[in-house]
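Please open the structure in your viewer and keep the selection panel at hand. The stops below proceed one selection at a time, each with a short account of what is found there.

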Amino acid sequence: MENTYWKKNLRYITILLSLWFIVSFGCGILFVEQLNNIQIGGFKLGFWFAQQGSIFGFVAIIFTYIYLMNKLDQTQNK
Amino acid sequence: MELQYWIWIAVGLSFSLYIGIAIWSRAGSTKEFYVAGGGVHPIANGMATAADWMSAASFISMAGIISFSGYDGSVYLMGWTGGYVLLALLLAPYLRKFGKFTVPDFIGDRYYSNTARSVAVFCALIVSFTYIAGQMRGVGVVFSRYLEVDIVTGVLIGMGIVLFYAVLGGMKGITYTQVAQYCVLIFAFMVPAIYISFLVTGNVIPQLGFGSSGADGVYLLDKLDGLHQELGFHEYTSGSKSMLDVFCITMALMVGTAGLPHVIVRFFTVKKVSDARKSAGWALLFIAILYTTAPAIAVFSRTNLIETVSNQPYEQMPEWFHKWETTGLLGFIDKNEDGLIQYTANTTTNELTVDADIMVLANPEIAQLPSWVIAFLAAGALAAALSTAAGLLLVISSAVSHDLLKKMVIPNISEKGELIAARIAATGAVCLAGYFGINPPGFVAATVALAFGLAASSFFPAILLGIFSKRINKEGAISGMLVGVTLMLFYMLKFKFGWFGGGTKADWWFGISPEGFGSIAMIANFVVTLVVSRQTPAPSKDIQELVVNIRKP
C-alpha cells in the first residue's frame, strides 16, 4: 500500500518535472530560435516562453501536483 | 499636496502597521519564534513567502535589468520562479513532514552527524549574510532617494523597524508583517504598471499590453527590435550570451532558490504536508504577478526612454530627466557638442548613461502619475527590502541559537534560555547587517550570485538525496557538500576577485560564467555524494526508517 503511494508520487513527479523542463529549458532556451520564427500577436513564441509562458507553466504545474496529490492522499486514508 | 508629505505619510502608515502587527503577534515559545507555532494558513504563508522571496532587487532593479538586456534577462525571470516547482515537488512537503525548525536540523539528523550539521550552519550563515547586507543597503538607498535623508539615517531607521518586529515576534511576527508587506509591495508595483500599459497600448493588463501595438499600429516588440538595430544594440528579443551559459545560469538560480534556507524554513510554518504543497503553489502565484509584469514594464520603459531621448535636443528634456540627472542615475555628456542626445551601443560616441534602477523608480513620473502613487512606490520598495531582511535575520538567529547552541554546544539549555539566545543573536545580526549596509563591502553585487551558487552546490543535493535515497550516508553527504562549496568558492574567487591567478571571460571553464557555475558545482556535489556513499557503509536502520517516514503524507 505504502509502496504504491510512493511509486505513484514518483511517477507524477517525473511527468511534471519533464513538463517543467520543456516549458523553460526547452521552449525558452534550447529551441528558442526555432520557436521565434512563429509569431503570435506581438510576441515571438520563443521569447514569450522565456519571459511569460514558462512562469504561467510553473504555476499550472504546481497546482496540478497539488490536485493529484490531494486525490492520492484521499485514497490513502480510506 | 507636496510629494514629500505623501511619502512620509505612506512610509509612516506602513511602518506603524508593521509595528502594530509585531505587538499583536509576540512570540512566547521557541516554536513560535522559529516556525510561528506551525499553524499558518497556506494562503497567508504563500503571501509571506512571496514577500520573503522578492527582495529590493526584484522590486527595484529587475525590470530595469531586463530592460537593458532583453532576452538575456529571461534567466532571472525563469530562474527565480522555476525553483518553486522544485520546492513544491521535491522538497517542501517532505521537510514539513520531518517537522523540525531549520535546514541544518534536517541535514544534521538525516546524516546523523554534527559535522554535517556544522557544514550546513556554515553555509546557511554565509548565504544569509551576503544577502542581508544588500537588503539593508536597499533600505538606505530608498530612504535617501525619496526622503532626502542620508543613507546612514535610512539604514538606521530600517534596522530599528526590523529589530523591533523580528526580535519581539520571531517567525510569528515576521510572517504576519510579511503578509502586510506583500500587499503593500504588489499594489505599489502594479498601479504604475497598469497605468503605463494603458497609456502606451490601450490595454490595462500589462501581460497583454506587452504583446500589443502602440498608437502607430506597430507591435511594441517589433518596434523595439528595430530601434535597437538602429542604435547598434543587440536585438531585444534575442540574446547576446551563449546558450550554454544561459542554460547554466537559469539552472543555478532555480536550484539555488530551492536551496535557500530562508525560503525553505517558511514551509515549516504550516500545519500539515498538504499545506506545504499548497503554500508553494500560492507563493509562486503571488510571485508570478510581479514577475510577469516586470518584463512588460521593461519593454514599455525601454521604448519610452529611447523615443524620448534619442537624437532629441538636451534643452527640451522633460522635468524628470533633470531630476534624475541630479541623483546621478542619469548622466549626459555632450561629446560632439551638437546639443542632441546620442544614445548608442558604441561607448565612444554614446552620450547617455542610464542606471537600471530608474526604470521602476522613475516610471510614475514619466507617466505623470499623481503624487500618492509615487509615495506608495517608496513604501513598496521599503516593504520588499524589509520583508526579505527579516526572513534572513531569522535564519541567522536560529542557526546560532538552535543549531549551534542547543544542538551542539549546550544541549541542556532551557526553553527560556534558548529564546533569549535567539533574540540576542537576532539583535547581533541586525547590527552586523546594518554595519554592512552603511559600509557596503565592494563585493555585495558579486556575492548575490555567490549566494545562489552556494545554496545550489551545498544544500540542494544533500536535501534531495536525503529524501529520495535511503542509501546516501553521512560520508557521502559531507564530502559532496564540501566539494560543491569549495569548487564554487574557488571559481567565484578566481573569476570575480582575481585570486588564484584570476582570469577573464576567455578563461571561463566551458565558457560558463561565475553566475552559472553553481550548476556545475552542484553536479560535482551529486557525483561525489553518490560515489562516496557507494564505497562506505549504508546508514543504520533508524535512519532508513526516518526516510520512509517522511515520505508518508
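Begin with helix H20 of chain B, residues 474-496. At 1.5 Å a residue, the 23 residues of this helix should span 33 Å, and its end C-alpha atoms lie 32 Å apart, which agrees. Proceed past the end of the helix to Gly498(B): this glycine follows H20(B) and has a positive phi, near 75°. Please note that the coordinates are those of a predicted model.

**Chain B as a whole**

Now select the whole of chain B and colour it by secondary structure. The chain comprises 22 helices and two strands. Its radius of gyration is 24 Å, close to the 24 Å given by the globule rule for 553 residues, so chain B is as compact as a globular protein of that length. Along the principal axes, its C-alpha trace spans about 80 × 55 × 40 Å. Of the 553 residues in chain B, 56% are buried. Among contacts in this chain with a separation of 6 or more, 81% join residues 24 or more positions apart.

**The nonpolar core**

Next, select Leu185(B), Ala378(B) and Leu393(B). Within the largest nonpolar core, which has 211 residues, these three touch the most other members. Helix H17 of chain B, residues 371-409, supplies the largest share of this core, with 21 residues. In soluble globular proteins, nonpolar side chains tend to be buried together.

Centre the view on Ala378(B). Leaving aside residues up to four places away in sequence, Ala378(B) touches Ile7(B), Ala10(B), Val11(B), Val142(B) and Tyr146(B).

**Helix H4 and its kink**

Select residues 56-69 of chain B, which form helix H4. For its 14 residues, 1.5 Å a residue gives an expected span of 20 Å; the end C-alpha atoms are 19 Å apart, which agrees. Where is the kink in H4(B) centred? Display Met62(B): the kink, of about 45°, is centred there.

Twelve of the 14 residues of H4(B) are buried, so the helix is largely enclosed by the rest of the structure. Among the buried residues are Phe59(B), Ile60(B), Met62(B) and Ile66(B), together with Ser58(B), Ser61(B), Ser67(B) and Ser69(B). To see what covers the buried residues of H4(B), add H5, H7, H8, H13, helix H15 (358-361) and H17 of chain B, which are included in that cover. Gly70(B) follows H4(B), and its phi is positive, near 60°.

**Ile196 in helix H8**

Move to helix H8 of chain B, residues 151-201, and select Ile196(B) within it. Is Ile196(B) buried or exposed? With 22 other C-beta atoms within 10 Å, Ile196(B) is buried, because 20 or more are needed for a residue to count as buried. Apart from residues up to four places away in sequence, Ile196(B) touches Phe300(B), Asn363(B) and Ala367(B). Ile196(B) and Phe300(B) are 104 residues apart along the chain, yet their C-alpha atoms are separated by 7.5 Å.

**Two loop residues with positive phi**

Select Tyr112(B), in the loop between helix H6 (103-110) and helix H7 (114-147) of chain B. Its phi is near 35°, a positive value in a residue other than glycine. Tyr112(B) is partly exposed, with 15 other C-beta atoms within 10 Å.

Then select Glu337(B), in the loop between strand S1 (330-332) and strand S2 (352-354) of chain B. Although not a glycine, Glu337(B) has a positive phi of about 50°. Glu337(B) is exposed, with 6 other C-beta atoms within 10 Å.

**Chain A**

Hide chain B and show chain A. Chain A contains three helices and two strands, arranged along the sequence in the pattern α-α-β-β-α. Its radius of gyration is 16 Å, whereas a compact globule of 78 residues would have one near 12 Å. The C-alpha atoms fill a box of roughly 50 × 20 × 15 Å along the principal axes. Buried residues account for 36% of the 78 residues in chain A.

**Where the chains meet**

Finally, restore chain B and display both chains together. Here 38 residues of chain B are in contact with 32 residues of chain A. On the chain B side, the elements that give two or more residues are helices H5 (74-98), H10 (220-231), H11 (243-259) and H13 (273-309). H13(B) gives the most, with eleven residues. The residues on this side of chain B divide into 20 nonpolar, 13 polar and five charged.

Terms used:
Residues numbered from 1 in each chain as written. Chains lettered and ligands numbered in written order. Predicted model: local features only at pLDDT ≥ 70, side-chain atom pairs only at ≥ 80, totals over all residues. Contact = placed C-beta atoms within 7 Å. Helix = DSSP H or I, 4+ residues; strand = E, 2+ residues; numbered from the N terminus. Nonpolar A, V, L, I, M, F, W, Y, C, P; charged D, E, K, R; others polar. Rg over C-alpha atoms; globule rule 2.2 N^0.38 Å. Core = buried A, V, L, I, M, F, W, Y, C linked by C-beta atoms within 7 Å. Expected span 1.5 Å × (residues − 1). Bend = angle between axes of the 7 residues up to and from the residue.
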